[in-house]
Amino acid sequence: MRAFDRAWRRLVDALAATAATLLGVAALAVSADVLARNTGLGAFPWILEASEYVLPLATFLAAPWLLVRNEHIRLDVLLRTLPSPAARALERMGDAVGLAVSLALVVFALRATLESARQGSQVLKSIVFPEWWTLAPVPLCFALLAIEFARRLARSAAPPPTPPAQ
């Protein structure tokens, strides 16, 4: 199991690094476009379009990493005020709901992606490409979120480790 945990962590870290790189490149490209337009060198209309696709992609790529690091949206104030058993139960319930929603979104997003590919839908802007390219990361990232929610549920169901004898 430790090998899986290490591989899992490397995967989500790589996705987060990819998201950060995409956002950094987009920020530099938009800045270059603004500079070029303001200095009379012309504009690069594709840069704005590309950044429109980078933002949601980076969000999806970073989501599993945030969940692994427990830096997603939580009601920490509520969890701190509840007795420990109630807080753990609420966390488990949240993870179960997250798992169910993630699995439902995997199915929905996969259907939408496959239907777009089947229809041959195209994005027709400055850049022309198959629409399913923009949809494909969605089921993948929700599948990764579902895996992490399942891992969280499994960890919370396991008995706490016993302290070493002194």
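Helices here are DSSP runs of H or I with at least four residues, numbered from the N terminus. Keep that in mind as you work through this predicted model.

**Exercise 1. Place Thr113 in the structure, decide whether Thr113 is buried or exposed, and list what Thr113 touches.**

Step 1. Find the element: Thr113 belongs to helix α4, and that helix covers residues 84–119.

Step 2. Check the surface. Buried means under 20% relative accessible area. Thr113 has 7%, so Thr113 is buried.

Step 3. Look for neighbours. Leaving out residues up to four places away in sequence, Thr113 touches Trp132, Leu135, Ala136 and Pro139.

**Exercise 2. Describe how helix α4 packs against helix α6.**

Step 1. Start with the two descriptors: packed helices are described by the angle between their axes and the distance between the axes.

Step 2. Read them off. Helix α4 and helix α6 (residues 137–157) pack at an angle of about 160°, and their axes are 8 Å apart.

Step 3. Name the arrangement. Angles over 145 degrees count as roughly antiparallel, and α4 and α6 are therefore roughly antiparallel to each other.

Step 4. Add the handedness: the crossing of α4 past α6 is left-handed.

Step 5. Sort the contact residues by class. The contact of α4 with α6 has 17 nonpolar, five polar and four charged residues.

**Exercise 3. Classify the ring pair of Phe4 and Trp8, and say where the two residues lie.**

Step 1. Begin with the total: the model has five aromatic pairs.

Step 2. Test this pair. Ring centres must lie within 6.5 Å, and planes under 30 degrees apart count as stacked. The centres of the Phe4 and Trp8 rings are 6.2 Å apart and the planes are at 15°, so the pair is stacked.

Step 3. Locate both residues. Phe4 and Trp8 sit in helix α1 (residues 2–38), four residues apart, which is about one turn of the helix.

Step 4. Compare their exposure. Phe4 is partly exposed at 40% relative accessibility, whereas Trp8 is buried at 5%.

**Exercise 4. Do the same for Tyr53 and Phe129.**

Step 1. Their ring centres are 5.3 Å apart with planes at 85°; planes over 60 degrees apart count as edge-to-face, so that is the class of this pair.

Step 2. Tyr53 is in helix α2 (residues 45–68) and Phe129 in strand β2 (residues 128–130), so this pair links distant parts of the chain, 76 residues apart.

Step 3. Tyr53 is partly exposed at 26%, while Phe129 is buried at 10%.

Step 4. Finish with the wider group: ring pairs join Tyr53, Phe129, Trp132 and Trp133 into a cluster.

Technical notes. Residues numbered from 1 in each chain as written. Predicted model: local features only at pLDDT ≥ 70, side-chain atom pairs only at ≥ 80, totals over all residues. Heavy atoms only, no water. Phe/Tyr/Trp six-rings, centres within 6.5 Å; stacked < 30°, edge-to-face > 60°. Buried < 20%, exposed > 50% of the residue type's maximum accessible area, 1.4 Å probe, protein only. Axes fitted to C-alpha atoms, helices over the stretch in contact; angles between N-to-C directions. Parallel < 35°, antiparallel > 145°, perpendicular 65-115°, else oblique. Left-handed = near helix turned anticlockwise from the far one by under 90°. Nonpolar A, V, L, I, M, F, W, Y, C, P; charged D, E, K, R; others polar. Contact = heavy atoms within 4.5 Å.
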